[in-house]
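Q: Please show me how to read several features of a protein model, beginning with the cysteines.

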Amino acid sequence: MRAKKLIASALSFALCAGSMTAASAASECTPNEYISASKVSSTASPASSANNDTSASVVTIMLGDINADGYIDAADASAVLSAYAKMSIGTSTGFTLKQTVASDVNMDSIIDAVDASNILSYYAYASTFSAKPLSIEGYLKNKRDTSAAVVTTTAAPAAAATTTAALTAASTTSAAASSTTSAATAATTAKPTTASTTSAKTATTTTSSATTSTTTTTTTTTSAATTTTAATTTTTASTTTTAKPTTTSTTSAATTTSTSSAATTTTTTTTTTTTTTAADPKKVASISLSKTEINLKVNEGDISMVTMLPATAEDKSEIWTSSDTSVANVNFEGWITAISEGVCTVTVQSASNPKVKADIKVTVTDPWKVRGISLSKNEITVPVGASDISMVTMTPLNAYNKGELWVSSNENVATVSDEGLITGVSGGKCTVTVISKSNPDVKADIKVKVVGPKQPVSIDLSDYELDILTGTLGISYVTTKPDTADPITEIWTSSDPEIANVDRFGNIYGVSEGTCTVTVTSEEDPDIRAEVKVNVHNRSLVTTTSAAKTTTPTTTALKTTTTTTASTATTSASATSQPAVTTHLIQSHNGATYVDGILIVNKTYSIDRDYPADKLTENTEKYFRLLTEDAAKLGLKIVCSSGFRSYDYQEQLYNNYVTTDGILTADTYSARPGHSEHQTGLAIDVNSISDDFIGTAECEWLARNAHKYGFIIRYPKGKEAYTGFRYEPWHIRFLGVETATKVYESGLCLEEYLGIDSYYR
C-alpha cells in the first residue's frame, strides 16, 4: 500500500532531514548527533570523502549510503523502505540524523519510496558501468536532464559542420585534393553513442570522378531513446564511407543513389528513420509488494506495502479487490481483514494503468473452530428400552461453538437424542454419529449393540484397583448389568499367579511383591469382562507415627496415624495413654500420590502436567448419571457445570482469579495448576458454582445422598483448616460407593480420614 508521504520536519522525533536544515534540527537531536549546517557534506563515493575536512567537527554523509558501509546498494534501499513504512503508520524510523540526511537522495524534504527507487536505480547503473560511475547526485541530475522534449536537428549542405560531435568535419573535396577528402571521410566513420544499444545500417556511396561533393546528415533525439543516422556521400576516387551509430531504437536502412559523369557527380541520400517509443516515465509500469503471501487468523489484519514504478509516475493511486470477501476484505488503503477460514487472492491495481497489477495470497485460519471430537466410549451395548451415553469432548477446548448433531444409522435398532442419549429399540447393531455443528467435517462414531432385557451387557466392579499385602486377601465385587439380566457364570484368571492368584469366587491372594491383572469373564459371553489391577506389597514397608507425609515420589510407605485415648487405672490416680494405631499405605505412581489406594490431589499433593487423563473416568460419569436420574425422580435437577479440566485450562483459570482477587484470596477457592481434582477426571462441580447453591433442595439432598453413588462432598463446612479450601457444597469427588460411604459415616473430611494435610509448601 502506498501510504501518504510524511514530511520529515513534521515528525515528533525530529529526524533532522528534508526541509529542516541540520542546524535547525540539531536542537531536537542528542548532543552526540549535533551537526553544524555548514559542515554537512553529501558525496557520491567513498573516495570523494577523502577530500573533505577530516576534523572531528566535520561529518561526511554519502547520499544513499544509509548503513554507512561505503556502498550504495539494495540494503540501503531496503532500509529506506522500512523507514517509510514505519512513518506511514506513525512510528519512529529509528534513523540517526546522518541516516535521515542520507535517505533523502532526491532532496525533496521527504523520505519515501521514491528515494528507495532512486537508490535501486543507481545501484543497477553503478553495478554494470565499466568505467568510473557518476555520483548519485550526478546520476540523478543526468536522469532528469535526459527527460527533455524531442529535439530534431537537420544540417543543410552549407552547414554540415554543425551536426553532431561524431561528425567532426565537413566533407568537401576535389579531384586535386584527394588526401583531404580521405581525411574527411575518415572523420565521418565515427560512432556516435547515445543511451541506446541498437545499431542501424547506413548508406554506402561510391563515385568515380567528380568535382562537387554534397553531404547530408540527419540526427533525431527523443527523451526515451535517441536515433542517430549519418549518411555521407564524398566525391573521391574509389572511396567508400560508412557510419555506424548505436541507438536503443530500431532504425531502417538508409538508401543512397549515385550518378556518375565525367564532369560532375551528383549524389542523393534518402534516410528513413522509425522510432519505437519506450514506456512513459510518467505512467505506472509495474508494482512491487513487500509481501506476496499473508497468513491471518479470523478478525486479524495485515498489510503489504506497495511500491509503484517508475518512481517518476505521476498517478500512483491504487485499486484494491478481494477474490472472496467472505474469507478476507480489503479497504481502499490495502488493509486486509480476515473474515472466515479459507484462501483468497487480494489484488492491487494501478488506477492510472489498470493492466498493471499484483496479487497477494491470503490464507485465513480460525483458531476457535472445532478440529476434533473424542468420546468417552466408542462402543456401547444397551438392553432394549435402556439408555446410555458417550461423553463428548470437542477440541480445541476454547472452540467458540461446540454444538453437537447426533444421527443414528438405524433408528429401528437405536435412537439418539439431541444431547447424545442412546436408547435401545430392538435387538441388533447400528452406528451413532456425533457431528460438529460449526464444522460438519468433524465427526465421531459409536458402535451400538442392543440386546434383550435379560441378556447381560456388562460387568461392574466395586474396585478396579486393589493394594494388598503378601499373605492377605482382597476382593472386588461383581455386579451384572442390566439389573434385569440373568446371572452370569464368572471365570476368574490372574495374569501372573506368582504375584497374585484368584479362586473361582473372586478372592485374590497376595503371593509376592509386584503388579498383575485379575480378570473376570462371563462364561456365556466372553466379550463381557472386567479387570482389576492388583498391587501386592511386602510386609516390610516403612512405617511412621508422624501425621505428616514422609515419602518421596518413588517411595512406597505405610503411614501410621496415632490416636491417644485416656484410661484411669483403678490402683492409680494417674492417667495412662493407649495409642490406637491406623496404618495408611502411601504410594507414588505415574507422578501421582495414592493413600490407601485413593488418588490424592490437594495443596500438599499434586499431579504432573502430563497426568494421563483427558475426561471424566468411566465410573465417575456412570455413577453421576445414576445420581442425576434418581434426583430427577424427586423433582430435583442436578447437572454437571464443570467436569474434567486440563492443566493448561486450570492454569488459565487460576491466574485469572489471582489477577482479580489476589493470590491469597484466590488460594482459598481455586487450586493451582497440578493441585486441582478436576485434572484427575474424578471431580464434578454441580449446578451454580457459587454460594447461590447453598440451602437449595438440591444442595441438601446431595449432602445426604452423594455417598450412595460413590461421591463425597469434598470440601465440607467447618473443615477448611484440613482441606485448605472454603466450603464448597457443589464440589463432589468420586471414591466408589464403599469408600465414600465409610468417609461419610466417619463425619471426617478426606484429609482427616487418611491422616494427611493440605497446604502449599
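A: Cysteine 699 is buried, at a relative accessible area of 3%, whereas cysteine 640 is partly exposed at 39%. Buried means under 20% relative accessible area, exposed over 50%, and partly exposed in between (1.4 Å probe, protein chains only). This is a predicted model, in which local features need pLDDT of at least 70 and side-chain atom pairs count only at pLDDT 80 or more, while totals for chains, interfaces and linings use all residues. Residues are numbered from 1 along each chain as its sequence is written, and side-chain values use heavy atoms, with hydrogens and water left out.

Q: How many disulfides are counted?

A: A disulfide is a pair of cysteine sulfur atoms within 2.5 Å. By this rule the count is zero.

Q: How does one describe the packing of two helices, and what is the case for H2 and H4?

A: Two packed helices are described by the angle between their axes and the distance between the axes. Helices (H or I, at least four residues) and strands (E, at least two) are DSSP runs, numbered from the N terminus. Axes are lines fitted to C-alpha atoms, for helices over the stretch in contact, and angles run from 0 to 180 degrees between N-to-C directions. Here the axes of H2 (residues 74-88) and H4 (residues 113-128) come within 8 Å and cross at roughly 175 degrees. The two helices are therefore roughly antiparallel; angles under 35 degrees count as roughly parallel, over 145 as roughly antiparallel, 65 to 115 as roughly perpendicular and the rest as oblique.

Q: Which residues of H2 and H4 meet?

A: Contact means heavy atoms within 4.5 Å. Ala74, Asp76, Ala77, Val80, Leu81 and Tyr84 of H2 meet Ala113, Asp115, Ala116, Ile119, Leu120 and Tyr123 of H4.

Q: Where are residues with positive phi other than glycine found in the loop between H3 and H4?

A: Methionine 107, in the loop between helix H3 (97-103) and H4, has a positive phi of about 50 degrees and is exposed at 53% relative accessibility. Serine 109 lies in the loop between H3 and H4; its phi is near 70 degrees, and serine 109 is buried at 17%.

Q: Which peptide bonds to proline 310 and proline 396 are cis or trans?

A: The bond from leucine 309 to proline 310 is cis, with omega near 5 degrees. Proline 310 is placed in the loop between strand S13 (306-309) and strand S14 (318-322). The bond from threonine 395 to proline 396 is also cis, with omega near 0 degrees.
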